[in-house]
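Q: Could you walk me through a few charged pairs in this protein, and then one spot in a loop?

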Amino acid sequence: MVLTKEYRICMPMTVEEYRIGQLYMIARHSFEQSNNGEGVEVITNEQVTDEINGVGQFTEKRIHLSSHLPYWIQSITPKIFYVTEKAWNYYPYTITEYTCSFIPKFSISIQTRYEDNNGTTENCLGLTPEEQELREVDFMDIAFDEIKPHHYKESEDPKLFKSEKSGRGPLAEGWRDTQKPIMCCYKVVHAKFEVWGLQTKVEDYVQVAIREILLLGHRQAFTWMDEWFNMTIEDVRNYEQEMQAKTNVKVKSALEESENKEGQDSKKSSQPATPKSSQPATPKSSQPATPKSPKSPTTPSAESKSWFSWS
């Protein structure tokens, strides 16, 4: 059974303001989190037209993330691999799909709709009665839901932040019932991993990771408000293109450096060993060698950041 959750994330802004803030946040966050050959590489970013949804924007990205995964996943994956993200943005409705470069039975699909309310629409994305019965609804609070300590920044705390340009914030307890303006992101997330024995563990992990990333990203979208508040859609699209170009250069150069290093290491290992001296070898001790303690699994650095895009 595919694990399905619906996240409802309120934001202290209008749907039109959120459109600017979201594009700014994703472009900036992708650039900041791309390092050492890992991060988000943009393959395609172009306008598309759909018979039902009208004109939109299609993007395809490769998300390089090997060391960002927990050890138990790293142990079964290649050293370098990527997740492909395909997104169709017909704002205020978007579709996003994720597939893995080497696990064909793994996928994540997300439908999102944005409305100017505080999460009161019961079936915003038109789920069937059967889908509504199976889904879990999660009301997220960008100000008061706990975030992992290594992600916390005082400057990105909605309980402390006050926007100079809009006058909004800090957000107090119960803000979702009193804040004006307010909007809500409705996100239905389907996580599927059809591998017997690992399905439940991987699908649960994916949903937990998505929730954490959504929480972090939306906190940033609000607390970075003064950076994007006066931008037009043309301004933020130009900013997006500029940051995507910089991010691609950053990721590709690091990947090439890693591949060159691996090639040099492979070449060295294939060279014949240096002949040993003709002197007789010293007899080995008859005592058994002391067994070595097994090495502990490598723990991902506390600085590891998210790879998921919350579009």
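A: Let us begin with one pair, keeping in mind that this is a predicted model: D157 forms a salt bridge with K159, and their closest N and O atoms are 3.3 Å apart.

Q: Okay, is D157 buried or exposed?
A: D157 counts as buried because its relative accessibility is 3%, and the cut-off for buried is under 20%. Its partner K159, on the other hand, is partly exposed, with a relative accessible area of 33%.

Q: How many salt bridges are there by this rule?
A: The count comes to 15 salt bridges. One of them joins the side chains of D145 and R211, at 2.8 Å from N to O. D145 sits in the loop between strand 7 (136-140) and helix 4 (175-178) while R211 belongs to helix 5 (residues 199-223), so this pair ties together parts that are 66 residues apart in sequence.

Q: And what about E240, which residue does it pair with?
A: E240 forms a salt bridge with R237, with the closest N and O atoms 2.8 Å apart. The two are three residues apart in helix 7 (residues 233-270), which means that about one helical turn separates them. Both E240 and R237 are buried.

Q: Which residues are linked in a network?
A: Salt bridges link E6, R8, E122 and R135 in a network.

Q: Switching topic, where is T14?
A: T14 is placed in the loop between strand 1 (3-11) and helix 1 (15-32), and it is partly exposed, with a relative accessible area of 26%.

Q: What does T14 touch, leaving out residues up to four places away in sequence?
A: On that basis, T14 touches D116, P181 and M183. The C-alpha atoms of T14 and N117 are separated by 9.0 Å, although these residues are 103 residues apart along the chain.

Conventions. Residues are numbered from 1 along each chain as its sequence is written. This is a predicted model: local features need pLDDT of at least 70, side-chain atom pairs count only at pLDDT 80 or more; totals for chains, interfaces and linings use all residues. Side-chain values use heavy atoms; hydrogens and water are left out. Helices (H or I, at least four residues) and strands (E, at least two) are DSSP runs, numbered from the N terminus. Buried means under 20% relative accessible area, exposed over 50%, partly exposed in between (1.4 Å probe, protein chains only). Contact means heavy atoms within 4.5 Å. A salt bridge is a side-chain nitrogen of Lys or Arg within 4 Å of a carboxyl oxygen of Asp or Glu.
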